[in-house]
Structures are given as structure tokens and as C-alpha cells.
Amino acid sequence: MPVLEGLWSPDLRLRDSGLGVGVDVGVCPDEAPNSSVWDPLRTPPVTCGGLSLALELPALIRQLRAAWRARRGGPRGPERSQATAWVEAEKEEVEEVQEQDTEDRSTHLEADSKLNTGHAGVLLAERRGSYPLIDLHILKISAQQGEVESGTRRKVKRLLSFQRYCHASRLLRGLVPHTPESLHLLDDDYLGQAAHMLSKVGTWNFDIFLFDRLTNGNSLVTLMCHLFNVYGLIHHFQLDMVKLHRFLGMVQDDYHSQNPYHNAVHAADVTQAMYCYLKEPKLAEHLSPLDVFLGLMAAAAHDVDHPGVNQPFLIKTRHHLASLYQNTSVLESHHWRSTVGMLRESGLLSHLPADISQDIEQQLGSLILATDISRQNEFLSTFREHLDNQDLDLQLPSHRHFILQIALKCADVCNPCRVWELSRQWSERVCEEFYRQGDLERKFDLEISPLCNQQADSVPAIQIGFISYIVEPLFEEWHRFTEPSLLSQTVMGHLHKNKARWSHLRYAHTPLDSQTNPDAEEPEPEGGGGEGEDIP
């Protein structure tokens, strides 16, 4: 990372851990950073084009605007209203964004075509924000043909003027802005509670919602750093902690917090479940550090930049991602490519030989692509065949990789196997995301996708079908594979009880917050392991 050595002391240099960039602000060499000139409340004594940067930012902006208007020959003076100036400024900003977006799209396509040609020595030109969010303003309906076109204009998120001022002022003063991933913002009591929860991260009743609140919305970064330390992966792969934190921050930020279900908390929940499966005695003794690294990384990034709608929606709206990946594993391919882009941008694996980093990228892709629900029967039949023939040899890397794929699939759909209090929350969240897609389809006169019609598809009905056709068949085979372990017995016990409770709610129309005790209606799971029991 190039820095202006000698011009600014390290304590005043911008740190890339908070901003994602490595830029130093140049100052005059003869000005000592510790002199009285460098008061924390003042900006650096730098001049640019005859304008003093020591001015407060609003005054500087006014001077810049006045100089620009004078050069342009436009109206000046009091006859020009402030409202008119704001309108024109917004218009110019939108035009700049549109021009930049055209360049970004061409850059992305070029970078994507080079993704598999070898280890990139340079960073991908555009990653975050290169894909538009699925929004009402993006879809354009053709009144004559009734077709839906997906626009490629990015959703512009603008800071308020005072936020811009505060952010820029921190930059000019050399202060690191308080980002969401700054855990030092938390109260010591909260940090202590989060640390206590991490000591029990291997238990199946781990409350990821509480953990996310205790970490101020940084559950994924905090959990991944902890698990990397538990397994000694940082030392084994000689990872740079700054680069690791930068990469994890990118991953967490690229999850859309406005999604009820496919967000960073879901990624943290899947990662915690994956950790529990990696600890299964049948599997743990055969895993290499690379297997663990791949399993945790794939779990953390398996849904990154999820738009909150499913693949059929992208296909029928002719979204550019569907065209890019030829309507096959569209979202999973995007998750993988985004992860590779973040790995290269952060430089996390840049110290490894090119062939090793390429192999890691490909194996990550194989794991993430396995989460495509349309390939469920393919993996399930292969898994069942291996178990029937008893020919799984975990000494073979290919067999271990296949089990990692199955473990990630189990972790991705394990919500019905959690304790009722957690399982219910996840069920409501995923159904809310389905319903939002259905409302969007209804608004534009599209055929409403299955499970997305809030008037016809209730939460209990959706969950019963999901458990019966997706979750139960997969976890029954995983139960066979573990022979069965105490954790697997507990998981199956929760699954059966939750299914029975959803059936009761479906036909009895009982509120979801009913205080009835499901333990009184269902027997204890085979081998014990109640809801409140910690499973090692």
C-alpha cells in the first residue's frame, strides 16, 4: 500500500480498516504534525487552486461553487435562489452517476470474463455496487407487449449534507470515522456478554439474533474472527489480520440489511451451524485446515449480495444477472463471483502461490454452487447412494469436499431444526421476503411465484411443505452419516417438534406467539437433548 512516508505520522494517517482504501492526505513537510497548527478541531493547512483548505468545509464548498459558476458563466448572485442551486446540483450528480454507471458495467463484464484466466495481479475494477438492487424504480413495464425489462442503473444512496460534512471533515483532519464494524463503540458490558456467548458458540441453541445485537450488527465479522482463532487458521495460512478484517467487512457490508431473511445475520447463523457440523466426531478427525477454511468461508459468503428475490424472478424480468449466467444457478454464481472479487480486492490470499489461491477460489465456488436448491435431488441421491454402498472414504479429498457440500446445504436450511423460538423467527423472515416478491410481481402484473402469495400461502403451510420436501429428506441422510451423533439426535428432535407445531398452527389457526408447550405434545428426541440443553 503506497503511503507518503515522512509526511504524516502513523497516528494521523488514514487507516484502510475503516474506509476500505489506503489513501494518505499529503501535508506540507515543514509542518510538524504535533505542532499547534494541527489542532484536532482544525483542518490541515493546505491550499488548492488558491483556496485555503483550512476553511470550514461549508465555506470551502461555497467558494468552489462560486468559482465554478464564474468559470461556467452561469448566473450568480442573490438572484439565484438556493432551491434552484440544489435542484441543479442534484441533476448534475445524477448525470455523473449515470455516466459512471455506463463505465462500471463495461468494466465489470470485462473483469468477469477474465475471472478464470489466472490469478489476477491487480484488483477487480468494480465489485460492490456493480449490480443494481431489485427495486420498483428499476423495472420498466412495456404497455404494448407487457414485458418487463430490468434496468441496470444503480440505486444511488446519498448522504445527507451534514453527514457529508462530518465524514469529509474527519478525512481532512486525519481521523478514522466510526464505522459499524468498530467494536470499540460498544459498551464494555455488551462486549463481555458477546465474549461469553462466543464461549458457547458450539452449542445448537446459540441465539444469533442476540449475538448480533450484542456486537452492534457485526455478528458475521466477530464470529468469523473467533472461529479462525479457534482453528488456528490465521497462523496456519499466515493471514494478515488487517486484510482478513477488511475482507470480512466487505462480505458483511455486501449483504443487504433490508432483506428480511437473506442478510448478514443469516450468513452468521449458517456459519455457526457449519461450525457445529465441522465438530461432528465422524467428520472432525479427517478434516484438514484447508477443509475448515473452505467450509467457514463458504458459509459466510454463500448468499453475499443477495437481492431478496429468487432466480425465477430474475429470469422472467430479464435481469442482467440471469443473462450473464445463462439462467443457471444465477444467484449462486453471483455469490461466488462476488466472493472471488472480494478476496482479490482485499488481497487476503495474495501471499499464497497463484495455483493455490486459484484452487481455493474454485473449491469455494463448488461449495457455494451446491447451495442451489434446484440441485437438491442431485446431491441427495448421490449422498444416499454413498451411504447405501458404505463407500465414503474421508481420507480422500474429493469425498471430504462432497461432505462439506452436504454440510453447507444442511447449514443453509437448518432453521426448522433450531429451537422453536429461533425457528419461528426465521420462518417469519423468509416468508416476509417471499411475500415482498409476490407484492412486486402483483404490482407489475406478473405471474406470482409459488409461495409468494400472501393471500393464499400461509407461513405454517409454507413451512410444512419446506420441511417435508427439502429439510427432512436431507437431514435424515445426515442423521445416517453421523451414526447418529448427539447433535444429530437433537436436531431431528427439534425438526419433528417444529413440524408438529406448524401443523397445529395451520389447522387450529393458533397465533404464532401461543404459549402452548410443544414438549407436552411431542416425545423427547431419541437419546435426549432438549431445547435448553447445550450440545458440545
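## Helix packing and nonpolar cores

In this predicted model, the axes of helix α10 (residues 264–278) and helix α12 (residues 289–301) come within 8 Å and cross at roughly 155°.

**Exercise 1.** Classify the orientation of α10 and α12, then describe their contact.

*Solution.*
- Start from the crossing angle of roughly 155°.
- Angles over 145 degrees count as roughly antiparallel.
- α10 and α12 are therefore roughly antiparallel to each other.
- The handedness of their crossing is right-handed.
- α10 contributes A267, V270, T271, M274 and L278, while α12 contributes V292, G295, L296, A299 and A300.
- Sorted by class, this contact holds eight nonpolar and two polar residues, with no charged ones.

**Exercise 2.** Do the same for helix α7 (residues 219–230) against α12.

*Solution.*
- The two helices pack at about 175°, and their axes lie 11 Å apart.
- That angle makes α7 roughly antiparallel to α12.
- On α7, the contact uses L220, M224, L227 and F228; on α12, it uses F293, L296, M297 and A300.
- The class count is eight nonpolar, no polar and no charged residues.

**Exercise 3.** Which residues touch the most other members of the largest nonpolar core, and which helix gives the most to this core?

*Solution.*
- The core has 103 residues.
- Those touching the most other members are W204, F228, Y277, F293, M297, F475 and W478.
- α10 gives the most, with 11 residues.
- Take F475 and set aside its neighbours within four places in sequence: F475 then contacts Y277, C410, V413, C414, C417, V491 and M492.
- A second, separate core has 11 residues, among them A322, Y325, V330 and L446.

Methods
Residues numbered from 1 in each chain as written. Predicted model: local features only at pLDDT ≥ 70, side-chain atom pairs only at ≥ 80, totals over all residues. Heavy atoms only, no water. Axes fitted to C-alpha atoms, helices over the stretch in contact; angles between N-to-C directions. Helix = DSSP H or I, 4+ residues; strand = E, 2+ residues; numbered from the N terminus. Parallel < 35°, antiparallel > 145°, perpendicular 65-115°, else oblique. Left-handed = near helix turned anticlockwise from the far one by under 90°. Contact = heavy atoms within 4.5 Å. Nonpolar A, V, L, I, M, F, W, Y, C, P; charged D, E, K, R; others polar. Core = buried A, V, L, I, M, F, W, Y, C linked by side-chain atoms within 4.5 Å. Buried < 20%, exposed > 50% of the residue type's maximum accessible area, 1.4 Å probe, protein only.
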